[in-house]
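These are my notebook entries on a single protein model, written down in the order in which I looked things up. I begin with one side-chain contact and work outwards from there.

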Amino acid sequence: MKLVAVSAGLSTPSSTRLLADRLAESARAELAAQGHHVQTEVIELRELAVAVANHLVTGYPPPRLASAIDAVTGADGLIAVTPVFTASYSGLFKSFFDLIDPHALTGTPVLIAATGGTARHSLVLEHALRPLFAYLRAGVVPTAVYAASEDWGSGGDDHTEGLPARIQRAGGELAAAMVARPASEAMPDDEVTALERQLSDLRFD
């Protein structure tokens, strides 16, 4: 199985990358415990920022960006993590997923997550990220993870679930979705062609 995490953090070190790593490890450990071999890859969008901008203008991705897009669209499970900018996902995060074919993530299990300085922005997961991946027809797992500054190192209390527990639960849900998904959902070429023709007929210029 191939598990890919996309981190849109801009700093080094980055809490966004740290959250992506912990979520990936949680899902990987759960899959490994079930006897599955997992290949994990983390894509740092900050390293692809110029390539993303150029691709939006020219329509041609350089090899490194093309490889990242292929990794995302070929993943058995995807983790998408963004910092919160102006109460939404970052521009770099959105620009990268604008490059993904609208049908390429159909049915792919996705775990969404975000980081921010305050817990007041936690709803970004529901009003921005979840609709984005719903549009891409991905299968977003129920638990989304938001990590505010005060969440790091906190184990929660009697009334609040701590960050480690949320990471573990979300990772478990992603692992379960990856296992439940058929090993290959590819359709025969003739069916793909017919479906593409139907979709083309529905487009409006």
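Entry 1, a polar contact. I looked up the side chains of T143 and R169 and found them joined by a polar contact of 2.7 Å. I keep in mind that the model is predicted. As for its place in the chain, T143 sits in the loop that runs between β6 (139-140) and β7 (145-148). I then asked whether T143 is buried or exposed. Its relative accessibility is 6%, and because buried means under 20%, T143 counts as buried. Leaving aside residues up to four places away in sequence, I listed what T143 touches, and the list reads L111, R166, R169, A170 and E173, so that R169 appears there as well as in the polar contact.

Entry 2, helix α6. I turned to A180, which I placed in helix α6 (residues 163-180). A180 has a relative accessible area of 66%, and since exposed means over 50%, I note A180 as exposed. I also looked up the distance from A180 to P109: the two are 71 residues apart in sequence, while their C-alpha atoms are 9.7 Å apart in space.

Entry 3, aromatic rings. I searched the whole structure for aromatic pairs and the search returned five. For the pair F97 and F133, I noted ring centres 5.1 Å apart and planes at 80 degrees, so I entered the pair as edge-to-face. Which parts of the chain does this pair tie together? F97 belongs to helix α4 (residues 91-98) and F133 to helix α5 (residues 124-135), so the pair ties together parts that lie 36 residues apart in sequence. I checked burial for the two residues, and both F97 and F133 are buried. Following the ring pairs further, I found that they link Y89, F93, F96, F97 and F133 into a cluster.

Entry 4, the whole protein. I counted seven helices and seven strands, and, reading from the N terminus on, I wrote the order of the elements as β-α-β-α-α-β-β-α-β-α-β-β-α-α. The protein has 205 residues, of which 42% count as buried. Its exposed area comes to about 10600 Å², with carbon and sulfur atoms supplying 53% of that area. Last, I looked at contacts with a separation of 6 or more, and noted that residues 24 or more positions apart account for 79% of them.

Key. Residues are numbered from 1 along each chain as its sequence is written. This is a predicted model: local features need pLDDT of at least 70, side-chain atom pairs count only at pLDDT 80 or more; totals for chains, interfaces and linings use all residues. Side-chain values use heavy atoms; hydrogens and water are left out. Helices (H or I, at least four residues) and strands (E, at least two) are DSSP runs, numbered from the N terminus. Buried means under 20% relative accessible area, exposed over 50%, partly exposed in between (1.4 Å probe, protein chains only). A polar contact is a pair of N or O atoms within 3.5 Å; within protein, one must be able to donate a hydrogen and the other to accept it, and residues adjacent in sequence count only if both atoms are side-chain atoms. Contact means heavy atoms within 4.5 Å. Accessible areas come from the Shrake-Rupley method with a 1.4 Å probe; for residues, only the protein chains shown count as cover. Rings of Phe, Tyr and Trp (its six-membered ring) pair if their centres lie within 6.5 Å; planes under 30 degrees apart count as stacked, over 60 as edge-to-face and the rest as tilted.
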